[in-house]
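Here is a short tour of the structure, written to be read with the model open beside you. We begin at one residue and work outward from there.

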Amino acid sequence: MTSLFEEITPAPATDVPVRRVTITVNGQPRTLDVEPRLLLAHLLRQGLGLTGTHTGCDTTNCGACTVLYDGAPIKSCTMLAVQADGHEVQTVEGLGTASELDPVQEGFTHEHGLQCGFCTPGMMMASRALLNANPDPTEEEVRFALSGNLCRCTGYQNIVKAVLWAAQRERDAQPPEEAGAEAATDDVPVEQEA
Ligand code: FES
Ligand code: FES
């Protein structure tokens with residue numbers, strides 16, 4: 001259990017009220033005492049040391065703080081930590097491992113989808129959510145899914161390519177029977193004329 005207060009307060013005040021929460025972060029239940037005003041982004045970064053979640057604006061604009069909340073992409077600078085009590089949060093640290101990258105991470109490497117990298121964790125989490133829901137997105141769908149994430153460096157072109165590359169990679173990795181089943185579902189029966 002960790003007691004967490006604002007980073008700018010060196011010594012926690014004794015009279016600050018806290019609430020105990022349990023949040024499953026990257027698959028691990030974490031029980032913490034948090035101030036009710038603490039943002040989820042700050043809990044992740046300063047409380048749990050998951051600094052892959054970036055904060056660029058703190059005003060819901062840039063998307064650098066995007067994480068998955070019960071599988072949906074949310075901006076963690078806009079949610080209170082106490083609101084995540086009893087829920088699952090996935091950060092970029094939970095996306096892959098050092099020996100096995102997530103296809104989205106591979107895609108960003110393969111297609112040079114980053115420059116300074118500040119926006120990249122948020123971009124990746126938003127991309128992961130898109131591919132979980134839609135394994136075969138169009139370029140337009142990728143651009144729409146990433147429209148809440150700002151990048152100051154790349155011009156977006158390679159980021160979009162990275163997501164499309166990851167989508168293709170995941171479809172190629174599908175076991176043949178699953179791919180076959182999908183193809184069969186796509187076969188719309190043709191009505192025979194009498
Ligand atoms: S830091 Fe959350 S949207 Fe910019
Ligand atoms: S790579 Fe620098 S902000 Fe996107």
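Beyond its close neighbours in sequence (those up to four places away), Asn149 touches Cys62, Gly63, Thr66, Gly122, Met123, Ala126 and Tyr156. Keep in mind as you look around that this is a predicted model. Asn149 sits in the loop between H4 and H5. Is Asn149 buried or exposed? Its relative accessible area is 5%, and Asn149 is therefore buried, since buried means under 20%.

The side chain of Asn149 has polar partners too. It reaches the backbone oxygen of Gly63 at 3.1 Å, and it makes a polar contact with the side chain of Thr66 at 3.4 Å.

**From Met123 into the core**

Met123, one of the residues touched by Asn149, is a good next stop. Leaving aside neighbours within four places in sequence, Met123 is in contact with Phe108, Leu146, Asn149, Leu150, Cys151, Tyr156 and Ile159. Which residues have the most contacts inside the largest nonpolar core? They are Phe108, Met123, Leu131, Leu146 and Val163, in a core of 22 residues. H2, H3 and H5 are the elements that give two or more residues to this core, and H3 provides the largest share, with seven residues. Another core lies apart from this one; it has 19 residues, among them Val21, Leu44, Val67 and Ala81. As general background, nonpolar side chains tend to be buried together in soluble globular proteins.

**Helices H5 and H2**

Helix H5 covers residues 157–172. At 1.5 Å a residue, its 16 residues should span 22 Å, and the end C-alpha atoms are 23 Å apart, which agrees. The buried residues of H5 are Ile159, Val160, Ala162, Val163, Trp165, Ala166 and Ala167. They pack against helix H2 (103–110), helix H3 (120–133) and helix H4 (139–145).

In H2, the buried residues are Pro103, Val104, Gln105, Gly107 and Phe108, and their cover includes H3 and H5. Both ends of H2 deserve a look. At its start, a side-chain oxygen of Asp102 comes to within 2.8 Å of the backbone nitrogen of Val104. Just after H2, His112 takes a positive phi of about 55°.

**Salt bridges**

Side chains of opposite charge can pair when their charged atoms come close. How many salt bridges does the structure hold? There are eight, and three of them are set out here.

| Salt bridge | Closest N to O |
|---|---|
| Asp33 and Arg20 | 2.9 Å |
| Arg128 and Asp102 | 2.9 Å |
| Glu106 and Arg169 | 2.9 Å |

Take the pair formed by Arg128 and Asp102. Arg128 lies in helix H3 and Asp102 in the loop between strand E6 (88–90) and H2, so this salt bridge ties together parts that are 26 residues apart in sequence. Arg128 is buried, with a relative accessible area of 8%, and Asp102 is buried as well, at 10%. Asp102 and Arg128 also belong to a network of salt bridges that includes Glu170.

Next comes the salt bridge between Glu106 and Arg169. Glu106 lies in helix H2 and Arg169 in helix H5, so the pair ties together parts that are 63 residues apart in sequence. Glu106 counts as partly exposed at 24% relative accessibility, and Arg169 is partly exposed with a relative accessible area of 37%.

**The E2 and E3 hairpin**

The remaining pair in the table is the salt bridge between Asp33 and Arg20. Asp33 lies in strand E3 and Arg20 in strand E2, so the pair ties together parts that are 13 residues apart in sequence. Asp33 counts as buried at 10% relative accessibility, whereas Arg20 counts as partly exposed at 49%.

How do these two strands run, parallel or antiparallel? Strand E2 (residues 19–25) and strand E3 (residues 28–34) run antiparallel and are joined by seven bridges. Val25 has Gln28 as its bridge partner in E3. The two strands form a hairpin with two residues between them, and Asn26 in the turn has a positive phi of about 50°.

Technical notes. Residues numbered from 1 in each chain as written. Chains lettered and ligands numbered in written order. Predicted model: local features only at pLDDT ≥ 70, side-chain atom pairs only at ≥ 80, totals over all residues. Heavy atoms only, no water. Helix = DSSP H or I, 4+ residues; strand = E, 2+ residues; numbered from the N terminus. Expected span 1.5 Å × (residues − 1). Buried < 20%, exposed > 50% of the residue type's maximum accessible area, 1.4 Å probe, protein only. Contact = heavy atoms within 4.5 Å. Pairing = 2+ DSSP bridges. Salt bridge = Lys/Arg side-chain N within 4 Å of Asp/Glu carboxyl O. Polar contact = N/O pair within 3.5 Å; in protein donor to acceptor, adjacent residues only side chain to side chain. Core = buried A, V, L, I, M, F, W, Y, C linked by side-chain atoms within 4.5 Å.
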